[in-house]
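Morning, everyone. I'll take a few minutes on one model. Please keep the viewer open while I talk.

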Amino acid sequence: MAKTEKRRLGELGVARGKGIGLRWNTLVDTGTVGSGEFGSLAGVRAYFDGLQDPRLMIVGGPGSGKTVAALNLMLDLLDQRAGTERDRLPVPVRLNASSWDPDSNSFEEWLAQRIAQDYSLGLRVTRELVGTDRILPVLDGLDEMDSDSREPARARAALDQLNEVHWLGRPIIVTARMDAYRKLSELHGESGLYEASVIALQALTAQQIADYLKSWHDVNGGQKWTSVQGKLEADPDGIFAQTLRTPWMLGLTIQFLKHKRAGDTAVLTEATTREAIEDVLFSALIPSAVAAQLRDAHSRQKYTCGEVSAWMRALARHFAPGTSVVGRGDFALDQIWSLAGDLRCRLLHAVVAAVTGFGAVFTFFIAPAVWAGIDVAPATRDGLVIGTLCALVCGFRGYWPSRPSSRKALWRTYKTGDVKRWVKASVVGVGAGFALAICGFLASRHPAAPNPLPPRDAAEGAGLVGTLTALVLIFGISLTGHRQPRLDEKRIIRDDARAAVYVGVITWLMLVSIVTVLAFVKKSSEGDLPLSLLALSPLLVILMALAGAPMGIALGALIFLARAKASIRYGCARALFTVGSGFASSPAPFLDWARGSGLLRVTGAAYQFRHQSYQEWLAAQP
């Protein structure tokens, strides 16, 4: 987790322990430090450790560094936990507050669900971790739960839950804008979050800005740095200096100067309003990111400025807080499909599901008749009727889930270590194989069966079927496990598809093994083949397995349709993006590129814009 959060911090353009020296002061204090005390960013952890109640709010203006402060505090706490106090201290986990709807989900349940999804853990495990205070939630962006144009209804409901008796006094860290904090304080009293201390990040001073620019000037040199420094020295309290008094805007200025020629910086120094300065700095972000592709000798230009601008505007408008039905400022990979058009994508999903479902069922009926060499007319009739019904059901199920959620793969519940994973897989596999063997033996010996088998043949066939089923389940579950939780925003669609593929393959192998064994049993009972030949002739086993493969593939396709709804919807969106031009035809690589280029950031497994002000600016562009 520490490695991941360090990468998140680097994506914000900040190196841990370096950069601008942020300062803070306490607004509300419940610890041992007096109210009004000032501190540095490195001292936040010591202040947090001194609190009587480990509940802290970090507030500040837009771009003041609230997320940076929270990440630094998290990393300090993780370092502390890595020492001798590992078992005593909870694990800090950062989550985006905008993804929580307090009207429909309790905080404790939402927290457990988000951690389970983001870190690939079982929901039962995460519920236990949350319930026993082994998790320190870091709720980032409380102000982003509501749009700025209305009262903070969702944020207020969130604090109502966090102030209830069963959560009161439990550890939590929350970040919020200063204006949202003041609104919530008026509504709730105190800090809005009961028994919590509040620290406010301070605006950068003129001297801090000058020193930081000078450090970059000393490294890079050039007239462009001198012109900006001269502008600040000439009017240290002017609009230009005031606009640069947040780490966000100062960082954008550094990036602008790094990628511009000396003659191009006049447009920045000559801007006379805050809006004009922001417009210059924001409009340079995408060209700088695209130009960086050409500076890398080992890569080719993937995207043009026009493409990136259009796609980023589409994201900004579609996932705007308070206006999007799909998201509230953040979005995961399994939500990108809605950019292709809700109705169009759902209809295409329905058509794909209906066609695949019909083909699978028709194949399931026809394949045995063709293989047995009997009249295919009855099978064709049954396949058409039942296939049509299945197509209607599959089409309806493809269209109906307006917001399909991705599934975690089957192996995600087996993560407690190699030995325990193999033991659990063995119990599941042997149990299922034994149950199937008993059912097969009883069915083959039943008096109502067309050709009841002798006890020995029935026992051998059922034993082989049970053994094959057990082996498939044991190896299918155990060998695909991994030991540690992962946090990977690109994993969502991949895992959803893999979960369906693995279940489909296991089902296919089970069906093929059953068909193969039953075919040998039938031949053996007729005297054509000795049953012992099944274990002695791998070639015959392969031939018989190929004969049952169409049925297994058909059944596997139906299972894939039933389980992989999010990945199928994502594939439909990619097809629509390829035909049209509304977004990148390969969304996952583009979003990863945008994250690496500093246009987006990641919280948990969801993407966010680098800053809410940048998203608002993009959404307003023509």
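Start with the open sheet: three strands, in the order 8-10-9, with antiparallel pairing. This is a predicted model, so please hear everything that follows with that in mind. Which strands sit at the edges? Strand 8, residues 330-331, and strand 9, residues 600-603; each of them pairs on one side only.

Now the pairing in detail. Strands of a sheet pair through backbone hydrogen bonds, either parallel or antiparallel. Here, strand 9 meets strand 10, residues 606-609, through four bridges in the antiparallel sense. Take two of the partners. T603 is bridged to A606 in strand 10. R601 has Q608 of strand 10 as its bridge partner. Strand 9 and strand 10 make a hairpin, with two residues between them. Look at the turn: G604 has a positive phi there, about 65 degrees.

On to strand 8. Two bridges join strand 8 to strand 10, and these two strands run antiparallel. Find F331; opposite it, in strand 10, stands Y607.

Is strand 10 covered on one face or on both? On both. A606 and Q608 point to one side, Y607 and F609 to the other, and all four are buried. One element that packs on this sheet is helix 24, residues 587-596. Helix 24 touches strand 8, strand 9 and strand 10. The direction of helix 24 makes about 100 degrees with that of strand 9.

Next, helix 25, residues 612-620. I'll show two of its packing partners.

First partner: helix 15, residues 305-318. The two axes come within 8 Å and cross at roughly 105 degrees. Helix 15 and helix 25 are therefore roughly perpendicular. Helix 15 brings M312, R313, A316 and R317 to the contact; helix 25 brings Y614, Q615, L618 and A619. By class, that contact has five nonpolar residues, one polar and two charged.

Second partner: helix 13, residues 274-283. Its axis and that of helix 25 come within 11 Å and cross at roughly 90 degrees. So helix 13 and helix 25 are also roughly perpendicular to each other. Here D279, F282 and S283 of helix 13 meet S613, Y614 and W617 of helix 25. The class count for this contact is three nonpolar, two polar and one charged. Note Y614: it takes part in the contact with helix 15 and in the contact with helix 13.

Now two single residues. Go to T175, in strand 6, residues 172-177. Why does T175 count as buried? Because its relative accessibility is 1%. What does T175 touch, leaving out residues up to four places away in sequence? I58, K66 and A70, then the run L139, D140, G141, L142 and D143.

The other one is G341, in the loop between strand 8 and helix 16, which covers 342-372. G341 has a relative accessible area of 22%, so it is partly exposed; the cut-off for buried is under 20%. Its C-alpha is 8.9 Å from that of L576, though the two residues are 235 apart along the chain.

Last, the annotation. An unreviewed UniProt entry lists residues 347-371, 383-400, 421-443, 463-480, 500-521 and 533-561 under "transmembrane region". I checked residues 383-400 in the model. That span is 94% helix and 0% strand. Its end C-alpha atoms lie 25 Å apart.

That's my tour. Over to you.

Terms used. Residues numbered from 1 in each chain as written. Predicted model: local features only at pLDDT ≥ 70, side-chain atom pairs only at ≥ 80, totals over all residues. Heavy atoms only, no water. Axes fitted to C-alpha atoms, helices over the stretch in contact; angles between N-to-C directions. Parallel < 35°, antiparallel > 145°, perpendicular 65-115°, else oblique. Contact = heavy atoms within 4.5 Å. Nonpolar A, V, L, I, M, F, W, Y, C, P; charged D, E, K, R; others polar. Pairing = 2+ DSSP bridges. UniProt positions renumbered as here; feature names shortened; annotations may be inferred. Buried < 20%, exposed > 50% of the residue type's maximum accessible area, 1.4 Å probe, protein only.
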